[in-house]
Amino acid sequence: MQRYLPYLTVVIGIVLVALGIWLLLGRELVLLIPKHPGGRWAPTARLGFYVRLRVSYAIASLSCTVGPFLAVTAAGLRRGSLVGSALIYLAYTAGLTLVVGVLAVAAASARSALVNRLRRILPYVNRISGALLVLVGLYVGYYGLYEVRLLSARGNPSDSVIAVAGRVQGVLAGWVHRHGAGPWVLAFAVLMAGALAVAWYRRVRRS
């Protein structure tokens, strides 16, 4: 499969650019989900709805992190130990859960004033997203062509665009490696403590 992945990367880049242009033109990307009360996918307080919601979110987010996920999978299988492979999966899951948990708690704890300010930019979100999609799609397609050239033995490994992106990724990976999970654990603890304190204060005021 590795031989054909660069071509798939080029196709993905083209699709992202097309979607970005679509959003820049003022169009929208919508899901055909029933919104009438009592519909199959309408929000409810039942556990089943939240299970479906989380599963769909997991599948969608995996499409954004399929590269690291496959790398972790390959590393786990090469260890040859069932326990070692399971530990790698657990570490990957814990890291992803921690980051998403911090972002989720931060969003849930945001003040209403901040939320109201963010709502003002909602009319521009589609076009901003479109511009980002175009940029990302151009880079993804360029990277796919770069890999195609390398596999065909006609490309130069020293590419300035890829080198700049590699340096940025190296800086981010270095920061994560130096600090580990500590900052995220601390942020999660602070946010959770703040959310619990606010909930307790509101409960006391109401009583």
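This report describes a predicted model of a protein, moving from its overall fold to a few residues in helix α6 and the loop that follows.

**Overall fold and surface**

The secondary structure of the protein consists of eight helices and zero strands, and reading along the sequence gives the pattern α-α-α-α-α-α-α-α. Of the contacts in the protein with a separation of 6 or more, 60% are accounted for by residues 24 or more positions apart. Of the 207 residues in the protein, 15% are buried. The protein exposes about 16300 Å², and carbon and sulfur atoms supply 70% of that area.

**Helix α1 and a nonpolar patch**

On the surface there is a nonpolar patch of about 460 Å², which is made by L5, L8, V11, I12, V15 and L19. One of these residues, V15, is found in helix α1, which covers residues 5-24. V15 has a relative accessibility of 44%, and because this value falls between the limits of 20% for buried and 50% for exposed, V15 counts as partly exposed.

**Helix α6 and its link across the sequence**

Helix α6 covers residues 122-151, and V136 is found in it. V136 also has a relative accessibility of 44%, so it counts as partly exposed. How far apart are V136 and G20 in sequence and in space? They are 116 residues apart in sequence, whereas the distance in space from C-alpha to C-alpha is 9.2 Å.

**Aromatic residues of helix α6**

A search of the whole structure finds two aromatic pairs. Y139 and Y143 form a tilted pair, with 6.2 Å from centre to centre and 35 degrees between the planes. These two residues are four residues apart in helix α6, which means that they are separated by about one helical turn. In the pair of Y143 and Y146, the ring centres are 6.0 Å apart and the planes lie at 45 degrees, so this pair is tilted as well. Y143 and Y146 are three residues apart in helix α6, and they are therefore separated by about one helical turn. Y139, Y143 and Y146 together form one aromatic cluster.

Are the members of this cluster buried or partly exposed? The table gives the value for each residue.

| Residue | Relative accessible area | Class |
|---|---|---|
| Y139 | 28% | partly exposed |
| Y143 | 30% | partly exposed |
| Y146 | 9% | buried |

Y146 counts as buried because its relative accessible area of 9% is under the limit of 20%.

**D159 and its surroundings**

The place of D159 is in the loop between α6 and α7, where α7 covers residues 160-179. D159 has a relative accessibility of 11%, and because this is under 20%, it counts as buried. Which residues does D159 touch, if those up to four places away in sequence are not counted? They are Y142, Y146 and R149, and of these Y146 also belongs to the aromatic cluster described above. The side chains of D159 and Y142 are joined by a polar contact of 2.6 Å. In addition, the side chain of D159 reaches the backbone nitrogen of I162 at 3.2 Å.

Taken together, D159 in the loop between α6 and α7 touches Y146, and Y146 is a buried residue that forms a tilted aromatic pair with Y143.

How values were computed: Residues are numbered from 1 along each chain as its sequence is written. This is a predicted model: local features need pLDDT of at least 70, side-chain atom pairs count only at pLDDT 80 or more; totals for chains, interfaces and linings use all residues. Side-chain values use heavy atoms; hydrogens and water are left out. Buried means under 20% relative accessible area, exposed over 50%, partly exposed in between (1.4 Å probe, protein chains only). Contact means heavy atoms within 4.5 Å. Accessible areas come from the Shrake-Rupley method with a 1.4 Å probe; for residues, only the protein chains shown count as cover. Patches are made of residues with over 30% relative accessible area and no salt bridge: like charges are joined within 9 Å, nonpolar side chains (Val, Leu, Ile, Met, Phe, Trp, Tyr) within 5 Å. A salt bridge is a side-chain nitrogen of Lys or Arg within 4 Å of a carboxyl oxygen of Asp or Glu. A polar contact is a pair of N or O atoms within 3.5 Å; within protein, one must be able to donate a hydrogen and the other to accept it, and residues adjacent in sequence count only if both atoms are side-chain atoms. Rings of Phe, Tyr and Trp (its six-membered ring) pair if their centres lie within 6.5 Å; planes under 30 degrees apart count as stacked, over 60 as edge-to-face and the rest as tilted.
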